[in-house]
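Work through these short exercises with the sequence and the 3D view open. Try each task before you read its solution.

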Amino acid sequence: MHFCPYLGKEVHEDNCSSEHIIPLSLGGVNGFEIPVDAETNKIIGSQIDGKLSNDFIIQLARGRLKTKGHSGKPVVPKITKATIEGKNNSVSLSFPNNQLHIFDPRLKADVYPESVTLSAKKDATLDIKFIAKVTLSAGYYFWSDDFEDAVSCDQLRYMLLHDNLNDWSSDDIFSVKFETLVLNNNTFLIHFIPIIHDHFPDETTIAFIPSYESDRLLVSVSVLGVYIGYLHAYMDAKKVQIKNGFIVSLSGGKIKLNYFDDEIISTIIRHLNRTKTVS
């Protein structure tokens, strides 16, 4: 039997599969894995990891860094719907080898307009779900059952497994907060946390920052140098000790833990403690 942090229960090993906490396509490394429920792993891989891998900004980073997934094929960033001024038909944009190509399907040829107009949609829940997923899996990787006992994992699982933002009750928001929906009233953290990840350009990173004074754990994530966001969950500091916290950096097939010094962590915690929970 293996405990699956995504379901919050034990699953028979025959029904488990290995989960890359960060997919290889997003800068993950082999070995940074845990066993989870196979069916849930399949759904998360398709609905969360896969969708984030296909996000255009992430695609640009993957293309520039030549990051490959399980298929071993390099990604070519694409936008399938763009328009040329004065034209009614759509054109597609692609960036092979970081070079812009504009293709007109009507002419079946590359075109070279002076400008194009493009639009992209962003799923407001995707970043939140990904951070919740990484928090659950990485937390269990580092602290095993202690993390499950100490942190409000049920609220993280609710975020992970529910789609409609309107389904998230005030109790869930009360226990876990996130920047993406502007439910965080701490402008310092919104601007300062990304700076921490900037020290690891082009790497995928996960920061764990505890505040023992307010019983909170802040977790922030960047993918291939693209900052995703953060959330903070309530944590029973008596059950798990993370000291000053650390940032996990994934690069070159290796996992490295970089511990925060006292000055950085005290600055973050001082502002984290000022953040009020939305109810």
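**Exercise 1. The whole protein**

Task: State what share of the residues is buried, then describe the secondary structure and the contacts.

Solution:
- Step 1. Of the 279 residues of the protein, 49% count as buried. Keep in mind that this is a predicted model.
- Step 2. Count the elements. There are eight helices and 15 strands.
- Step 3. Turn to the contacts with a separation of 6 or more. Residues 24 or more positions apart account for 58% of them.

**Exercise 2. Helix H3 against helix H5**

Task: Decide how H3 and H5 are oriented to each other, and find the residues that meet.

Solution:
- Step 1. Locate the helices. H3 covers residues 126-143, and H5 covers residues 153-161.
- Step 2. Take the geometry. The two helices pack at an angle of about 140°, and their axes are 8 Å apart.
- Step 3. Classify the angle. H3 is therefore oblique to H5.
- Step 4. Give the handedness. The crossing of H3 and H5 is left-handed.
- Step 5. List the residues. From H3 come Ile128, Lys129, Ala132, Lys133, Thr135 and Leu136; from H5 come Cys153, Leu156, Arg157, Met159, Leu160 and Leu161.
- Step 6. Sort them by class. This contact has eight nonpolar, one polar and three charged residues.

**Exercise 3. Two residues from that contact**

Task: Is isoleucine 128 buried or exposed? Do the same for cysteine 153.

Solution:
- Step 1. Place isoleucine 128. It sits in helix H3.
- Step 2. Check its accessibility. The relative value is 1%, so isoleucine 128 counts as buried.
- Step 3. Compare sequence with space. Isoleucine 128 and leucine 156 are 28 residues apart in sequence, and their C-alpha atoms are 9.5 Å apart.
- Step 4. Now take cysteine 153. Its relative accessibility is 2%, so cysteine 153 is buried too.

**Exercise 4. Helix H1 against helix H3**

Task: Repeat the analysis for H1 and H3.

Solution:
- Step 1. Locate H1. It covers residues 38-53.
- Step 2. Take the geometry. H1 and H3 pack at an angle of about 115°, with axes 10 Å apart.
- Step 3. Classify the angle. Values of 65 to 115 degrees count as roughly perpendicular. H1 is therefore roughly perpendicular to H3.
- Step 4. Give the handedness. H1 passes H3 in a left-handed crossing.
- Step 5. List the residues. Ile44, Gln47, Ile48, Asp49, Lys51 and Leu52 in H1 touch Leu126, Asp127, Lys129, Phe130 and Lys133 in H3.
- Step 6. Sort them by class. The contact of H1 with H3 has five nonpolar, one polar and five charged residues.

**Exercise 5. Cysteines**

Task: How many disulfides does the structure have? Where does that leave cysteine 4?

Solution:
- Step 1. Search the whole structure. The search finds zero disulfides.
- Step 2. Check cysteine 4. Its nearest cysteine sulfur belongs to cysteine 16 and is 6.9 Å away.
- Step 3. Apply the cut-off. A disulfide needs sulfur atoms within 2.5 Å, and cysteine 4 is in no disulfide.
- Step 4. Check accessibility. With a relative accessible area of 0%, cysteine 4 is buried.

**Exercise 6. The loop between H2 and S5**

Task: Describe lysine 68 and serine 71, both in this loop.

Solution:
- Step 1. Place the loop. It lies between helix H2 (56-65) and strand S5 (78-84).
- Step 2. Start with lysine 68. At 43% relative accessibility, lysine 68 is partly exposed.
- Step 3. Find its contacts. Beyond neighbours within four places in sequence, lysine 68 touches Leu24, Ser25, Lys73 and Pro74.
- Step 4. Add a distance. The C-alpha atoms of lysine 68 and glycine 27 are 8.4 Å apart, with their positions 41 residues apart along the chain.
- Step 5. Move to serine 71. At 56% relative accessibility, serine 71 is exposed.
- Step 6. Add its distance. Serine 71 and leucine 24 are 47 residues apart along the chain, and their C-alpha atoms are separated by 9.9 Å.

**Exercise 7. Positive phi**

Task: Which phi values do lysine 108 and aspartate 202 have, and where do these residues lie?

Solution:
- Step 1. Lysine 108 has a phi near 55°, positive although the residue is not glycine.
- Step 2. Lysine 108 lies in the loop between strands S7 (101-104) and S8 (109-110). At 69% relative accessibility, lysine 108 is exposed.
- Step 3. Aspartate 202 has a phi near 70°, again positive in a residue other than glycine.
- Step 4. Aspartate 202 lies in the loop between helix H7 (187-198) and strand S11 (204-211). At 36% relative accessibility, aspartate 202 is partly exposed.

Note on methods:
Residues numbered from 1 in each chain as written. Predicted model: local features only at pLDDT ≥ 70, side-chain atom pairs only at ≥ 80, totals over all residues. Heavy atoms only, no water. Axes fitted to C-alpha atoms, helices over the stretch in contact; angles between N-to-C directions. Helix = DSSP H or I, 4+ residues; strand = E, 2+ residues; numbered from the N terminus. Parallel < 35°, antiparallel > 145°, perpendicular 65-115°, else oblique. Left-handed = near helix turned anticlockwise from the far one by under 90°. Contact = heavy atoms within 4.5 Å. Nonpolar A, V, L, I, M, F, W, Y, C, P; charged D, E, K, R; others polar. Buried < 20%, exposed > 50% of the residue type's maximum accessible area, 1.4 Å probe, protein only.
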